[in-house]
Amino acid sequence: MLKMGFRWFGAQDDPITLSQIRQIPGTTQVVGALYDVPVGEVWPLEKIQALKKQVTDASLSLEVIESVNIHDDIKIGKPSRDRYIENYQQTIRNLAKCGIKVICYNFMPIFDWIRTDLAYPLPDGSTVMRFEHQQVEKSPEEMIATVQNNANGFELPGWEPERLARVQRLFTDYRDVDAAKLRANLKYFLDAIIPVCEECDVKMAMHPDDPPMSLFGLPRIYKNRDDMQQILAMHDSPYNGLTICTGSLGENPANDLPAIIREFVSRDRVPFMHVRNIKFTNEQGDFHESAHLSREGSLDMVAIMQALHEKHFDGYIRPDHGRNIWGETGRPGYGLYDRALGIAYLNGIWETLDHEK
Ligand code: DNO
C-alpha cells in the first residue's frame, strides 16, 4: 500500500486546512515541518508534539518531515559544523519521540530549488512555475528578487529571507567548496547522524538537486543515478536513504526515471517519493511544470508508477508542485486543487496496477 501524503505548511502559514486535506480520497499522511525554528537550531519537543497533535486531531498522520534543513556551515565544512550536527542529532531524537519515520532534506549550497518564473500562464489559463536557462545568467540577486516578488506574499520552502539576505557572504564562503569537498562534507554529516537514526528508527531521505545541474558555479551532488550510488555508498545503512523526486531528476532528460526507481527501490533505499510532471519547451531543456497527467507534460507517469508497483514500493509518496487553477491564489506550486487532482490520478493508476496483477 502506498502511504499517500500532502505537504502542509502549518496552520499559521498555509491557507489550506487539515480538514480539506482529510477530504482528498486516499490521503492519510501530512508531510509537515516546523517553520519557525531557525536553520541549525534544535527542534523543541513541545513544538513537534503540538504539530503532531494538530495533525492527529484531524484524523491524519504525521510521519514524514520535509525538511529539516542543513545549516550552511555543515555543507561548507566550517569548524562550527559540529555544534550544528549535534543539534541535528537532537532534532532526530525529538522527532523520533513523536513517531516520525522519515526526514527529507537536501544538500544544495545556498539555494534550494530554483525557478525563473513562478506564475507562467498556460493556454488553459492556469499558472505554473517555469525554468529558463537564459534567465539564470542574471545575477543571483536578481533571481532571488524575481522569486520573492512573485510568491503571492508567501514564504517559499527553502527560501528563508534571513539566509538570502546574506547571499553574497555565502557565495564567498562557498568559494573553495567544489563537488568533492561538498561530498566529503555530506559524508562527515552522514557518519555523525546515521547511527542516531539507526538508534531512533528514523530514515533520512535526501532530495535531489532541483534543477539537477550546477548553477552560479555552485556544486551539485545529487543529479543522477551515479550520484545516488555515491551518496548511498558514503554510509551504507538502510537509514541513509533517498527521496526520488520525478520532477527534479526528470528535468534532465538523460535520467531514466523508471530504471532509477527500479534500482533503488529494490535496494530498499527510497523511503519517500515526490511524483510530479514537467514539460520541456525546447532543445535547451527549458521546462515548465504541468498537471500530473502524462500527456500534459514530458514524463510518462504510468511508467513511473509501474516501476514503483513492480518493486512493491510501500513507502511514503506525495504529489508535488501543481498548477494554480480555479482562481486559487495559493503558494506557487502548492495550491490545493491541482495537487488533489494529482493524488486522484496517481491513486487511479495504482488501483489499475493492483487489478492487473
Ligand atoms: C520545493 C521542494 C524542496 C524540497 C527540499 C527538500 O518545492 O521540493 O524545497 O522540499 O529540497 O529538502
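# A tour from sheet to barrel to helices

Start with a small sheet: four strands form an open sheet in the order 5-6-11-10, with antiparallel pairing. Remember as you go that this is a predicted model.

**Stop 1: the open sheet**

Which strands stand at the edges? Select strand 5 (117–121) and strand 10 (278–280). Each has a single partner strand, so one side of each is left without a neighbour in the sheet. Turn the view and follow the twist, which averages 35 degrees from one strand to the next.

Now pick strand 6 (residues 127–131) and strand 11 (residues 287–289). They pair in the antiparallel sense, over two bridges. What is the bridge partner of Phe 131 in strand 11? Phe 287 is.

A general point helps here. Strands of a sheet pair through backbone hydrogen bonds, either parallel or antiparallel. The next stop shows the parallel kind.

**Stop 2: the barrel**

Select eight strands in the order 1-2-3-4-7-8-9-12. They make a closed barrel with parallel pairing. Neighbouring strands here are turned by 30 degrees against each other on average, direction ignored.

Next, pick out strand 2 (residues 29–32) and strand 3 (residues 61–66). These two run parallel, and three bridges join them. Look for Gly 32, which stands opposite Ile 65 in strand 3.

Then add helix 13 (residues 337–356), which packs on the sheet. Which strands does helix 13 touch? Strand 1 (3–7), strand 9 (272–275) and strand 12 (316–319). The direction of helix 13 makes about 130 degrees with that of strand 12.

**Stop 3: the ligand**

Select the ligand and show what surrounds it. Glu 66, Ser 67, Cys 104, Tyr 105, Asn 106 and Asp 112 are among the surrounding residues. The list also includes Trp 113, Pro 157, Gly 158, His 207 and Gly 333. How many residues of this shell are nonpolar, polar and charged? Four are nonpolar, five are polar and two are charged.

**Stop 4: backbone details**

Begin with a rule of thumb. Most residues other than glycine have a negative phi, and most peptide bonds are trans.

Stay with two residues from the ligand shell, Glu 66 and Ser 67. The peptide bond from Glu 66 to Ser 67 is cis, with omega near -5 degrees. Ser 67 lies in the loop between strand 3 and helix 3 (72–76).

Move on to Asp 210 and Pro 211. The peptide bond between them is cis too, with omega near -5 degrees. Where is Pro 211 found? Look in the loop between strand 7 (203–206) and helix 9 (225–234).

Now select Ile 110. Its phi is near 60 degrees, a positive value in a residue other than glycine. Ile 110 sits in the loop between strand 4 (102–105) and strand 5.

**Stop 5: helices side by side**

Two packed helices are described by the angle between their axes and the distance between the axes.

Select helix 4 (residues 81–97) and helix 8 (residues 179–200). They pack at an angle of about 20 degrees, and their axes are 10 Å apart. That angle makes helix 4 roughly parallel to helix 8, because angles under 35 degrees count as roughly parallel. The crossing is right-handed. From helix 4, the contact uses Ile 85, Tyr 88, Gln 89, Ile 92, Arg 93 and Ala 96. From helix 8 come Phe 189, Ala 192, Ile 193, Val 196, Cys 197 and Cys 200. The contact has ten nonpolar residues, one polar and one charged.

Next come helix 11 (residues 257–266) and helix 12 (residues 301–310). Their angle is about 15 degrees, with axes 9 Å apart. Helix 11 is therefore roughly parallel to helix 12. Their crossing is right-handed. Leu 257, Pro 258, Ile 261, Arg 262 and Val 265 of helix 11 make the contact with residues of helix 12 that include Ala 303, Ile 304 and Gln 306. The classes are eight nonpolar, one polar and two charged.

**Stop 6: a last crossing**

Keep helix 12 and bring back helix 13. Their axes come within 10 Å and cross at roughly 55 degrees. That makes helix 12 oblique to helix 13. Helix 12 passes helix 13 in a right-handed crossing. Show Met 301, Val 302, Met 305, Gln 306 and His 309 on helix 12. Their counterparts on helix 13 are Leu 346, Ile 349, Trp 350 and Leu 353. This contact has seven nonpolar, two polar and no charged residues.

Definitions and conventions
Residues numbered from 1 in each chain as written. Predicted model: local features only at pLDDT ≥ 70, side-chain atom pairs only at ≥ 80, totals over all residues. Axes fitted to C-alpha atoms, helices over the stretch in contact; angles between N-to-C directions. Parallel < 35°, antiparallel > 145°, perpendicular 65-115°, else oblique. Left-handed = near helix turned anticlockwise from the far one by under 90°. Contact = placed C-beta atoms within 7 Å. Nonpolar A, V, L, I, M, F, W, Y, C, P; charged D, E, K, R; others polar. Pairing = 2+ DSSP bridges. Near = placed C-beta within 6 Å.
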